[in-house]
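The following report looks at a ligand shell, a helix pair and one annotated position.

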Amino acid sequence: MTHTTHSPSQSFTDTAHLDRAGYDAMYAESLADPEKFWGDQGKILDWITPYTQVKQTDFNFGKVDIKWYADGVLNVSANCIDRHLATRGDQTAIIFEPDDPNDPAQHITYNALSDKVNRFANVLLSQGVMRGDRVVIYLPMIPEAAYAMLACARIGAIHSIVFAGFSPDALANRINDSGAKILITADTAPRGGRKTALKSNADAALLHCSDKVRCLVVKHTGDQISWTENRDVDVKFLMQHASPDCPPRPMNAEDPLFVLYTSGSTGKPKGVVHTSGGYLAYAAMTHKYVFDYHDGDVFWCTADVGWVTGHSYIVYGPLANGATTLMFEGVPTYPDAGRFWAVCEKHKVNQFYTAPTALRALMGQGNSFVENYDLSDIKVLGTVGEPINPEAWNWYNDVVGKGRAPIVDTWWQTETGGHLLAPIPGAVPTKPGSATLPFFGVQPVILDPTTGEEITTTEAEGVLCLKDSWPGQMRTVWGDHERFQETYFQQYKGYYFSGDGCRRDADGYYWITGRVDDVINVSGHRMGTAEVESALVANATVAEAAVVGFPHEIKGQGIYAYVTLMNDQTPSEALKKELETWVRTEIGPIAKPDFIQWAPGLPKTRSGKIMRRILRKIAENDTGSLGDTSTLADPSVVDDLIANSIYNS
Ligand code: WT7
């Protein structure tokens, strides 16, 4: 395969933080002496007590332990707010663009942000929240979500955001697993002109939680909601009466900042724990270099704060750098497919960061939606979440960026805290579909999946692992360090295993080929197939279910569910609809199967193990290479499944 290489223009490189020589030198330095390199880079933050220790990390299974800046003391909210007040108190910190384009945008200055966060922090204290307590945040994309995060950080509480698209059950599970004392939600959430009843979801979730959990409600739309006395609290009202002064609590670098639940290959989502010093330093550094962020730029990441992308690149990275960050409440297609570009024009966005799935959806609507707007302020375009197909890459480059803006394809994970593979835009030429080269300190390796040996030739294909730690790495799974070690450090000893397949080309560029475990990537969101399966089998009509991914034009991967019904059930379209709705309510709309196939039998080995490989091939319409099916207990089920697959029905 040959690929077009796109080099940054000389004028871009001239004003960029780094050119090629700069990147090469800094990368070499980061590997030659990590202690010195990260010791220097940690100064991107303000420390109350400077660290004397930099890196104490052990990847050995059984002893996995990751600490950065372990004796340093800082406060994350002071780094994101207070330290900027003297020089940029009147600069906009957050631009809030509401769902309805006719509602006014808000420009929240650093001074105003300080006022709100201090008040919010005092409200939390008044509700009995103490250092180390967990606070679950279930909010739409409104400024109060950022205030709540930073207020937790200010008093040393640990936030855990649950994406507002998750169901009451999913919310309850996360409140219970984290042992949260407080749930913060809003009345209703407008998105794309429709409203989600967040408070009533919260009410439903709290039925399954300890009655000690309090519910802080942001009255955002003013819609009618039910109210439980002695449990529900009106946050905005309390903020008005709270003091605008709450001293930032000195925290250890290794104190947890947040827990964020993410899907894995087992049924139960795990709480990814990120700590304070290393995470913030890494988020700030990657934000600065990968987006080539300069003072005064307007930065827009279209993710939701319910995902790690929103944590690192809407809130923590940008605010630590004193940036202007845009928060968008709406969706890319409301009121029409030009909304992203209308917002870019309106707020003169300089760096724009979105997901390939959004680009594919917009690309299909035609170029006029882009061409109606002046996008000349855009300097860098970013993507994240899934491999970007070259068609979408080229459209982004040609139609949105007019060939002027370097595209940064950033590969990373909830677990990594920030980018691991990404081009530094003034330095590294790009190739459509490749996340290119590692960030500073990152040592990617490709292992042979069967032997676990490192493939040392430049050209290589296998599983992607990391050889050594970086400051933004997750530290543990909430409440289950064993699971942390087993998930990431057991299969390939001495390495962090990403779960992704990867190819390295002759230029040393990395190309992510997708997950190699039972995780699928739906619209850039990670979904555990086991999670969807357990939701399905929880329905009384279902005897057995197997879920795999299949190619989906817009979403990247769709959810393909093979369902075996109980003997007394008759397959029908109505039952399919019922099961779709069931999964939506069990997990949330993002988990709804795109295709359900009735499976009178599933391909199993004689010992009863489902051969998922075969199910994947059928769902991918790749039935020419099913491989050996002779070990199946009943090989004939395969023919039935092929005959009734999405491609043949
Ligand atoms: C998985 C992580 C990190 C924020 C968004 C998703 C896939 C992510 C890329 C990319 C190819 C990508 C990987 C990864 N992924 N970015 N640029 N190219 N694949 O975070 O939910 O933790 O999912 O998303 O498969 O393992 P996440």
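By class, the shell around the ligand holds seven nonpolar, 11 polar and five charged residues, where Ala, Val, Leu, Ile, Met, Phe, Trp, Tyr, Cys and Pro count as nonpolar, Asp, Glu, Lys and Arg as charged, and the others, Gly among them, as polar. The model is a predicted one, in which local features need pLDDT of at least 70 and side-chain atom pairs count only at pLDDT 80 or more, while totals for chains, interfaces and linings use all residues. Residues are numbered from 1 along each chain as its sequence is written.

The ligand is surrounded by 23 residues, of which the closest are Trp411, Gln413, Thr414, Ile512 and Arg526; a residue belongs here if its C-beta atom, placed from the backbone, lies within 6 Å of the molecule. The elements below each supply at least two residues of this shell, and E24 gives the most, with three; helices (H or I, at least four residues) and strands (E, at least two) are DSSP runs, numbered from the N terminus.

| Element | Residues |
|---|---|
| Helix H11 | 308–320 |
| Strand E20 | 407–410 |
| Strand E24 | 496–504 |
| Strand E25 | 510–515 |
| Strand E27 | 525–528 |

Turning to the annotated position, the unreviewed UniProt entry lists Lys609 for "modified residue: N6-acetyllysine", an annotation that may be inferred rather than shown by experiment. Lys609 lies in the loop between strand E30 (595–598) and helix H19 (612–619). Why does Lys609 count as exposed? Lys609 counts as exposed because it has 10 C-beta neighbours inside 10 Å, the cut-off for exposed being 12 or fewer other C-beta atoms, placed from the backbone, within 10 Å of its own.

In the helix pair, Val532, Ala535 and Leu536 of H17 meet Leu579, Val583 and Glu586 of H18, with contact meaning C-beta atoms, placed from the backbone, within 7 Å. The residues of this contact divide into five nonpolar, no polar and one charged.

Conventions:
Contact = placed C-beta atoms within 7 Å. Buried ≥ 20, exposed ≤ 12 C-beta atoms within 10 Å, placed from the backbone.
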